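Please look through the structure below, chain by chain, before reading on. The paragraphs that follow begin with how far the coordinates can be trusted and then turn to the two chains and the side on which they meet.

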Amino acid sequence: MKSIYRTILIVALSSILVLATAAGVHAYTASNQSSPGEGNDLIAQAPPEPENDTCFQCHVVEEYTNIWTPLGRWALFGVAGLILLFGIARSASVWRSKSEWVPIPTRILAWIDERYQLSEFMKPILAKPVPDWQRRWWYCLGGLTFTLFLIQGITGIMLAFYYKPTPTEAYASIQFIENEVLLGSTFRMIHHWSANGMIVMAFAHMLRVFIMGAYKPPRELNWVSGVTLLVMTLAFGFTGYLLPWDQRAYWATTVGTEIGGSIPIIGDLALVFLRGGWSITSLTLSRFFAAHILILPLVTVGFMGLHFIMVRKQGVMKPL
Amino acid sequence: MSENNEEKSVPFYPDHVALEAKVALGLIILVVIIGVIGLFAPVGLGAPADAMDTPAHIKPEWYFLALYQLLRYIPETIGATSPVLAVVLLLIWPFLDQKPDRSKKTTEIRFWLSLVAVIIIIALTIWGKVS
């Protein structure tokens, strides 16, 4: 287990290093290429330069006007020094007592566990043996879908920091993300491609379950929750597609909602529900944005919980 | 589980979790590579949305292309209802087919069934892409 922690640490650190290096190289190579307002109408208005940005400036200038800033810094660095002294004293006492060294993360976990009694609750879940036939790549597809969902969550939050869900600003805010925000185009690219990957993985997972007949009793509800999750994934794709507010997004959504509108009996209701009116307006954008970042994630996480609990309880179906 | 008692098995934690974490890490490395490519070749944007200007060829994302291509050649009402019915059929499928498998034959039948479905979907997608 130690090796996997080390691997995770190495991969995380080298990912950060690679991204930071790439961002630096990109900033260096792209600095002379694009200057905003070069007569290209499609380039968004650049944000104000730091020296013209009053709000940016007001936090930095005139910092030393009172006694509290230096006092606060003395307190901060003093506490850091005390923590360092405590660490030295603690190491010395452990060394002198000749007792076994317990790493700090283990001690923290033990301390929390003493209070919450979590290990008693987790033991039956974690101790369950996994048979060897289950350690094959085609049983990984569901887990990979979940990994991609987590990546979508993280990159989606990053994009939501800068995205503005109004027709006048959505397009420009995406240009801002791609051209100005540090690693903004990276996060948009990852969000775009893991969305595609998630659909492929979820579909492959469903095919695997279908072919092996793993939906049969007692696993019917797991199949039902899985199909719901696939529909949710497609709904994520459909709602997320409108958000850039470019021609493709606008007209693909027009056609897509029209399909919903031609269902018999409930068609008009579905159309108005999807568009927030008879045509695609700022209301459509707001409601697609709300669905994309609030409703769908909550529903998806709920169904994922049910899905995973049932998998752990019933186990993976053994093939013939 | 009683059926697995005689089989070789590993504990879920830490052995199986470690395996799954390795697979997930491989995926994350791929994602980081995609992200670095994104810095130099971003996803990009089309022209800004204009409600007055209908483009000549509107195509949805690839995962809706098969449905889109299907809808071009069948009547609108059936076309709009069929995806809903397909999802409902998928949802109630386990309640229609409850017989436990006795032989490998049913697995084979389901394999060919899903192969045909996948080939139809891929064919429709490619057709929608090139048309």
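The term pLDDT stands for the predictor's confidence in each residue, on a scale from 0 to 100. This is a predicted model, in which local features need pLDDT of at least 70 and side-chain atom pairs count only at pLDDT 80 or more, while totals for chains, interfaces and linings use all residues. Residues are numbered from 1 along each chain as its sequence is written, and chains are lettered from A and ligands numbered from 1 in the order in which they are written.

Chain A has an average pLDDT of 86, with 88% of its residues scoring at least 70. Two stretches of chain A stay under 50: residues 36-40, for which the model has four contacts beyond four places in sequence, and residues 56-60, for which it has one such contact; a contact here is a pair of residues whose C-beta atoms, placed from the backbone, lie within 7 Å. Where pLDDT is low, the predicted coordinates should not be read in detail.

The secondary structure of chain A consists of twelve helices and one strand, where helices (H or I, at least four residues) and strands (E, at least two) are DSSP runs numbered from the N terminus. Of the 320 residues of chain A, 26% are buried, a residue being buried if 20 or more other C-beta atoms lie within 10 Å of its own, exposed if 12 or fewer, and partly exposed in between, with C-beta atoms placed from the backbone. Among contacts in chain A between residues at least 6 apart in sequence, 69% join residues at least 24 apart.

Between the chains, 67 residues of chain B are in contact with 72 residues of chain A. Strand E1 (9-11) and helices H1 (12-40), H2 (62-73), H3 (76-96) and H4 (104-130) of chain B each supply at least two residues of the side that touches chain A, and H1(B) gives the most, with 24 residues.

The strand of chain B also pairs across the two chains: strand E1 (residues 129-131) of chain A and E1(B) run in the antiparallel sense over three bridges, pairing being assigned if DSSP finds at least two bridges between two strands. Within this pairing, Ser9(B) is the bridge partner of Pro131(A).

Returning to H1(B), its buried residues include Glu20(B), Ala21(B), Ala24(B) and Val31(B), and further along the helix Gly35(B), Val36(B), Gly38(B) and Leu39(B) are buried too.
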